Amino acid sequence: MGVTVLKGISASPGIAIGKAFLYHKEDFWVEERTIGAHETEAEVQRFLGAVDQVTSELQETKRRMEVELGKEQAQIFEAHLAMLKDRTALDETALRIREERKNAEFAFFRTLRKIVKALRATEDPYLKERIEDVLDVQRRVVLKLVGKQHTSLIGLEAESIVVARNLAPSDTARLHRKGLLGFLTELGGQTSHTAIMARAMEIPAVVGTKRAMEEIEPGAILILDGTHGVVYVHPDEALLCEYRKRKQRWTEMAADLATLRDLPAKTLDGKSVVVAANIEFPDEVDSVSAHGAEGIGLYRTEFLYMMGSNLPSEEEQFEAYCSVVERVAPHPVVIRTMDLGGDKLADSLPIEPETNPFLGWRAIRVCLDREDLFRVQLRAILRASVRGKVRIMFPMISGIEELRRAREIVEAVKDSLREEGIAFDEHCPVGAMIEIPSAVMMADQLAEASDFFSIGTNDLVQYTLAVDRGNERIASLFDPIHPAVLRLIRETIEAGHRNGIPVAMCGEMSGDPLATLVLLGLGLDEFSMSPIAIPEVKMIVRGIRFEEAKAVADEVMKLGTKAEIRALLQEVVRSKFGNLLLEQ
Ligand code: PEP
Ligand code: MG
């Protein structure tokens, strides 16, 4: 079998060598059919047969999980198995088949929908948690009836590379870290949230790999080169040998860079900048300190809302925020209020399908419409603010009205905490993300009402260049080094400084060593990024004089094309740091 080379987009660096695990995310359509009176008994039997098959498959998976991961992990299948035995659901489905003369999948789907509706309406958190189980069982049985194979990520074998058409951030969140070497998807771009999460999990990943699901069969040996966005299917011994060596070099370079961990991000002529980390989950805090970050410049709290079918309570949020804030102290943590919508969807807050989700009901728009939820989150953040150093940040601010309204709500929440005698940091800074071009145009006004800015280039690039950040087809057009984007960044930094506030960046651009030179030269105060990117950025900052970086930025701002800018930056990096950094 010859080697097949698949090209994609680098999503998370590193090399993985392992076996393919194909993850079919089941898109299914439940067809409604009316069947003949003489067909009903056979249809009931077809239904019960599917339930039996799913039951034995689940029992088998449960057994495997018990051996591989322990009894506790395998426990999750108990609820599924119990549901498959539940007479009410089975009898009601059989009744629908017999009396309404509907096909089995439709009858079962209807029955479970009723159960889900009832569960959603209850106040009981335990019952609410069962919704996901019901939906999972529904998927399994319906897929069996329509003849598709259900693949669950939970059955993931050790030493696997996951291959999928797409992974929603919620799928990625569920990816079992044990045994997962890396993943590749057919869809997605470099700043899609799944790619961002791969970097946070520090596993190599390639996205936008066309035809991956057709070209790769389950169990095929793969080399996944996350740094260069390439995948080799059925590599020969020579290629495997070459990649094992590269993997070794990569590990050595990472170890070398790790020695920079505790050194300050200070230029050769003494200008200091802050290098901080972005996180999605509290358990990433360990990796933050391991990579030498001075605090957290972006905590994406929406992931708390994506973990189950219930909204996180004030107490749950408070605990999560405290666990981050206390461990990161004395460094600050910028807690961003939830940014759901776009590609970040949560069962706990269903959003009706929109034609353009990234231009839709997202982030601060959701918070201002659902003030009830916003207040719960702000209470939890403010309560956590006395446990360390907290800053509050709002996403997707497009103009001053939104910022003023959000700040009014913060003040109202503070008033009620005062009345209740609950402690919070009276001086907790409040800042705005600058990620929409209109916010840049209004930056002076916004700066007057902000204690800090943080530039979100992932969105700023997509809205400025009209390039969907998750669309692999136009991924080459998504470029933060585009002169228009650089002008907007310069304008934001200058407006912030004119008004006496610091300007940070928490988009993925701040972890790109090529961009570091320009951003430093433009006067950016804080760089916040995926922890794994920190050592390289520190290396650049520590290897140049601020005056030189300013001169590079001046030169760059005179250029009119991405190609010229990239060539100039590559030349500077090559001359100062050698080829290795660029290759890696
Ligand atoms: C950004 O848009 O750059 C950003 C940091 O926020 P997110 O990636 O979560 O949209
Ligand atoms: Mg954003």
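Two strands are taken to pair if DSSP finds at least two bridges between them. In this predicted model, strand β9 (residues 274–279) and strand β10 meet that description, pairing in the parallel sense over 3 bridges. Within this pairing, Ala277 has Ile296 of β10 as its bridge partner. Between the two strands the chain passes through helix α11 (residues 285–290), and the resulting β-α-β crossover from β9 to β10 is right-handed.

Strand β10 also pairs with β11, and here again the strands run parallel, joined by 3 bridges. Ile296 takes part in this second pairing, where its bridge partner in β11 is Val333. Ile296 is thus bridged to Ala277 and to Val333. Strand β10 (residues 296–300) is mostly covered, with 5 of its 5 residues buried.

Beyond strand β11 (332–336), the loop that leads to α14 (364–369) contains Ser348. This serine counts as buried because its relative accessibility is 9%, and the cut-off for that class is under 20%. A polar atom of the Ser348 side chain lies 2.8 Å from the backbone oxygen of Tyr305. When neighbours within four places in sequence are left aside, the contacts of Ser348 are Tyr305, Gly308, Ser309, Asn310 and Leu311. Tyr305 therefore appears both in the contact list of Ser348 and, through its backbone oxygen, opposite a polar atom of the serine side chain, a buried position by the 9% value.

A residue of another class of accessibility is Ala423, located in the loop between α16 (400–419) and β13. Its relative accessibility of 48% is the reason why Ala423 counts as partly exposed, a class that lies between the limits of 20% and 50%. Ala423 is in contact with Leu382, Arg383 and Val386, neighbours within four places in sequence being left aside. The C-alpha atoms of Ala423 and Ser385 are 8.6 Å apart in space, although the two residues are separated by 38 residues in sequence.

The magnesium ion (ligand 2) has as its protein donors Glu435, through OE, and Asp459, through OD, at 2.0 to 2.1 Å. These donors link distant parts of the chain, being 24 residues apart. Glu435 belongs to the loop between β13 (430–434) and α17 (437–441), whereas Asp459 is placed in helix α19 (residues 457–465). Both Glu435 and Asp459 are buried.

Conventions: Residues are numbered from 1 along each chain as its sequence is written. Chains are lettered from A and ligands numbered from 1 in the order in which they are written. This is a predicted model: local features need pLDDT of at least 70, side-chain atom pairs count only at pLDDT 80 or more; totals for chains, interfaces and linings use all residues. Side-chain values use heavy atoms; hydrogens and water are left out. Donors are N, O and S atoms within 2.8 Å of the metal (3.2 Å for Na, K and Ca); water is not among the atoms, so sites may look incomplete. Helices (H or I, at least four residues) and strands (E, at least two) are DSSP runs, numbered from the N terminus. Buried means under 20% relative accessible area, exposed over 50%, partly exposed in between (1.4 Å probe, protein chains only). Contact means heavy atoms within 4.5 Å. A polar contact is a pair of N or O atoms within 3.5 Å; within protein, one must be able to donate a hydrogen and the other to accept it, and residues adjacent in sequence count only if both atoms are side-chain atoms. A crossover is right-handed if, with the strands pointing away from the viewer, the path from the first strand over the helix to the second runs clockwise.
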